[in-house]
Amino acid sequence: MANKQANLDLGETEQTFPILEGSCGPDVVDIRKLYGATGKFTYDPGYKSTASCESALTFIDGEEGVLLHRGYPIGQLAESSSFMEVAYLLLNGELPSADELDDFDNTITRHTMVHDQLRQFYQGFRRDAHPMAIMCGVVGALSAFYHDSTDISDPEHRKISSHRLIAKMPTIAAMAYKYSIGQPFLPPQNSLSYTGNFLRMTFGVPAEEYEVIPAVEKAMDRIFILHADHEQNASTSTVRLAGSSGANPFACMAAGIACLWGPAHGGANEAALNMLQEIGTPDRIQHYIERAKDKNDPFRLMGFGHRVYKNYDPRATVMQKTVREVFEALNVKDPVFETALQLEEIALNDDYFAEKKLFPNVDFYSGIILSAIGFPTTMFTALFALARTVGWVAQWNEMISDPAQVIGRPRQLYTGPTQRDYVPIEQR
Ligand code: CMC
């Protein structure tokens, strides 16, 4: 597979390592034999230069602002596809035929109900619990309810648990919301689309019919597409690492949800909207720009910057367009959007942001749309988790099916005390 080689000169020894070529993107130096050959590890906190796996799902060119799922550009998928189609694509590698999509959609729809006893889990949480706290707990608990699909060595089990996770996530997220506002849970309704059903379970009440607004359903579906997968990000790597030990997929997804919750990752959309609301009016923008640039101030412009994109995040472009569509459909005017547009313009023309290649990411505009649709900020990350479940499940399946897969076990540069003798407490 590898013709090119890299030489590593360690003074006393020189070692040669194969260079592997992917279909797109940088080549990788295969250092799997480094420790055995040299007794040395590599040091790469945050994995800024480390490819942890081989994957055929998603490709990002951060310099050019390109995102492809199985080769298809995100802009085309967001414009012309549906979340169910993208889920099929990520899971199976190819776009479905009309019959295949119908079958898949039908299967997912018929898995949307949750075990009735799972409802009681919700009662154990405080009403003001963060939806992500509930999601972590409830998704982890799924493995206690669906024993019949936790044998990860059985491809049929893997398929069923994948379908269950994708199908039940909207129900679980909607229930977390309903619980927080003290309204009864609404069961799924099979006549609705995946996204329409989620909107009804979230905003509907048993006392009256819920009418799905097509423009909102489309915008929500698009937001799900934009969040479906994103290569080896922190939560996906967490899912893979948890799964590498053979843990069941429900437990792995709970691990992914926990990682996604952080403000540097999935929590950024909540933080971005909070920040925009705090800024309030355009005349206060400059003050926050100065704060973001101040080394002694921990404040960062939320929704700005990305580990991989050193150009405009292609998802942010679609998001900005979607804000306008939703506002038009709902006849909403939100001054926060104006503030966001002006903040973006000021930041993009500022040397600090230009030099560090900091551009708006997917989260800069998503909160504005979600808020217009009616979601409280605490639900934003739960929606991200719902959509990203597709990517987590697809990546987890890819990993389990890979014969090269072994348990993930990074090494370290130890800087603690060297060996010393225990001192009895009375002598300390
Ligand atoms: N505002 C101000 N300065 C920033 C920002 C920001 N949003 N992001 C990075 N910087 C500066 C940072 O201070 C550092 O400066 P210096 O080189 O002088 O120390 C430099 O840019 C590089 O930053 P970094 O933290 O080393 O870069 P990273 O690749 O490790 O971090 C990031 C990427 C996304 C964590 C970071 O840009 C950030 O904290 N952004 C705000 C949070 C956010 O919007 N996260 C959503 C990410 S997209 C959704 C997802 O995939 O989950």
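The following legends describe close-up views of a predicted model.

**View 1. The largest nonpolar core and its most connected members.**
This core holds 109 residues, and the members that touch the most others are L301, I368 and F375. Helix α18, spanning residues 377–401, supplies the largest share of the core, with 15 residues. In soluble globular proteins, nonpolar side chains tend to be buried together.

**View 2. The surroundings of F375.**
F375 is one of the three residues that touch the most other members of the largest nonpolar core. Not counting residues up to four places away in sequence, F375 touches F198, L199, T202, F203 and M220, and also L370, F380 and L383.

**View 3. The shell of residues around the ligand.**
The ligand is surrounded by 20 residues, of which H265, K295, L301, G303 and K356 are the closest. By class, the shell consists of eight nonpolar, six polar and six charged residues. L301 also appears in View 1, as one of the core residues with the most contacts to other members.

**View 4. Polar contacts of the ligand with K295, F304 and Y352.**
An N or O atom in the side chain of K295 lies 2.7 Å from an oxygen atom of the ligand. For F304, a polar backbone atom is 2.9 Å from a nitrogen atom of the ligand. For Y352, an N or O atom in the side chain is 2.9 Å from a nitrogen atom of the ligand. On its own the ligand has 930 Å² of accessible area, and the protein covers 77% of that area.

**View 5. I108 in helix α4.**
Helix α4 runs over residues 98–109 and includes I108. I108 counts as buried because its relative accessibility is 1%, and the cut-off for buried is under 20%. Residues up to four places away in sequence aside, I108 touches M84, H163, I166, A167 and Y194. E54 is 54 residues from I108 along the chain, and the C-alpha atoms of the two are separated by 28 Å.

**View 6. N197 in helix α8.**
N197 belongs to helix α8, which covers residues 194–203. With a relative accessibility of 5%, N197 is likewise classed as buried. Apart from its neighbours within four places in sequence, N197 is in contact with T112, P188, Q189 and L192. Y194, listed in View 5 among the residues that I108 touches, is at one end of the residue range of helix α8.

Technical notes:
Residues numbered from 1 in each chain as written. Predicted model: local features only at pLDDT ≥ 70, side-chain atom pairs only at ≥ 80, totals over all residues. Heavy atoms only, no water. Core = buried A, V, L, I, M, F, W, Y, C linked by side-chain atoms within 4.5 Å. Buried < 20%, exposed > 50% of the residue type's maximum accessible area, 1.4 Å probe, protein only. Helix = DSSP H or I, 4+ residues; strand = E, 2+ residues; numbered from the N terminus. Contact = heavy atoms within 4.5 Å. Near = heavy atom within 4 Å. Polar contact = N/O pair within 3.5 Å; in protein donor to acceptor, adjacent residues only side chain to side chain. Areas by Shrake-Rupley, 256 points an atom, 1.4 Å probe, with all protein chains shown as cover. Nonpolar A, V, L, I, M, F, W, Y, C, P; charged D, E, K, R; others polar.
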